[in-house]
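Welcome, and please open the model in your viewer. We will take a short tour together, choosing one selection after another.

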Amino acid sequence: MLFTKLGHACARFEKDGQVLVVDPGSFTEPVAYDGADAILITHVHADHFDQAALRAAADASPALQIWTNGDVADALSDLGARVHRVGHGDTFTAAGFDIEAHGEWHAVIHPDIPRVGNVGFLVDGAVFHPGDALTVPDRPVGTLLLPVHAPWSKVGELIDYIRAVGAERAYAVHDAMLSPIGLTVVKSVLDRTVPDAAYQRLEPGTSFDLA
């Protein structure tokens, strides 16, 4: 499995000539869609779901398939059977990858801000992308894509989350709003408190084989 970390919350997976992309939102470079066979969207917020860009990709590639939660599926209902509505506990195959859906709701930002649905995706039983939530899958996870900064989070919660998931590796996502100084501070804190998780922040465009 070739893994590529793209801008902000986006992850790209390649295996056996097929390409799966998760959360190519408005902070993600347009090349995220290149060659994609399937796209997974965790929730409706623009930094995860760039509707115009996704529609352009769907127009350019009639075979492109999309799996997502109810809010996003409703917004794309005119695309018909190419859009698959999924929720917590569902399993499916997308671009040759086995996917499990975990979680139901976006993290609470503030009581005055309505919550939206959010579903995390476990890819091939190996890599978990939680979207904008700290969902703990009910099975072991080797690699956690960790949302390191958001209006709803603090570093103390990330420490507890990494410990609860128990992943061997944690790679930063949801990191576009942190400066280089902020990224360094987060890494310092996580390295001290969860050293067994092998936390890293990857530059967008970094690719490597992930077992």
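Before the first stop, a cut-off that will help: a residue is called buried when its relative accessible area is under 20%, exposed when that value is over 50%, and partly exposed in between. Keep in mind too that you are looking at a predicted model.

**Stop 1: the whole chain**

Show the backbone as a cartoon. You should find 4 helices and 14 strands in the protein. The radius of gyration is 16 Å, close to the 17 Å that the globule rule gives for 211 residues, so the protein is as compact as a globular protein of that length. Turn the C-alpha trace about and you will see a span of about 50 × 45 × 35 Å along the principal axes.

Now switch on the surface. Its accessible area comes to about 9,000 Å², and carbon and sulfur atoms account for 54% of that. How much of the protein is buried? Of the 211 residues, 51% are buried. Contacts also tie the chain together: among those between residues at least 6 apart in sequence, 55% join residues at least 24 apart.

**Stop 2: Asp124**

Select Asp124, in the loop between β9 (120-123) and β10 (127-129). Is Asp124 buried or partly exposed? Its relative accessibility is 26%, which lies between the cut-offs of 20% and 50%, so Asp124 counts as partly exposed. Look at the backbone here as well: phi of Asp124 is near 50°, a positive value in a residue other than glycine.

**Stop 3: His174**

Next, select His174, which sits in the loop between β12 and α4. Here phi is near 55°, again a positive value in a residue that is not glycine. His174 has a relative accessible area of 2%, under the 20% cut-off, and is therefore buried.

**Stop 4: Arg201 and its partners**

Time to look at charges. Side chains of opposite charge can pair when their charged atoms come close. Colour the charged residues: the protein has 14 positive and 28 negative charges, and the mean positions of the two groups are 4 Å apart. A search of the whole structure turns up 10 salt bridges.

Select Arg201 and Asp175 to see one of them, with the closest N and O atoms 3.0 Å apart. This pair links distant parts of the chain, 26 residues apart: Arg201 is in the loop between β13 (199-200) and β14 (206-209), and Asp175 is in the loop between β12 (169-173) and α4 (180-193). The partners differ in how much they are covered, because Arg201 is partly exposed at 26% relative accessible area, while Asp175 is buried at 2%.

Add Glu203 to your selection. Glu203 and Arg201 meet in a salt bridge too, at 2.9 Å from N to O. Which residues are joined into one network by salt bridges that share partners? They are Lys5, Asp175, Arg201 and Glu203, so select these four together.

**Stop 5: helix α4**

For the last stop, select Lys187 and Asp191. These two form a salt bridge, their closest N and O atoms being 3.1 Å apart. The residues are 4 apart in helix α4, which means that about one helical turn separates them. Both ends of this pair are partly exposed: Lys187 has a relative accessible area of 34%, and Asp191 has one of 35%.

Notes. Residues are numbered from 1 along each chain as its sequence is written. This is a predicted model: local features need pLDDT of at least 70, side-chain atom pairs count only at pLDDT 80 or more; totals for chains, interfaces and linings use all residues. Side-chain values use heavy atoms; hydrogens and water are left out. A salt bridge is a side-chain nitrogen of Lys or Arg within 4 Å of a carboxyl oxygen of Asp or Glu. Helices (H or I, at least four residues) and strands (E, at least two) are DSSP runs, numbered from the N terminus. Buried means under 20% relative accessible area, exposed over 50%, partly exposed in between (1.4 Å probe, protein chains only). The radius of gyration is taken over C-alpha atoms; the globule rule is 2.2 Å times the number of residues to the power 0.38. Contact means heavy atoms within 4.5 Å. Accessible areas come from the Shrake-Rupley method with a 1.4 Å probe; for residues, only the protein chains shown count as cover. Lys and Arg count as positive and Asp and Glu as negative; His and the chain ends are not counted. The place of a charge is taken as NZ of Lys, CZ of Arg, CG of Asp or CD of Glu.
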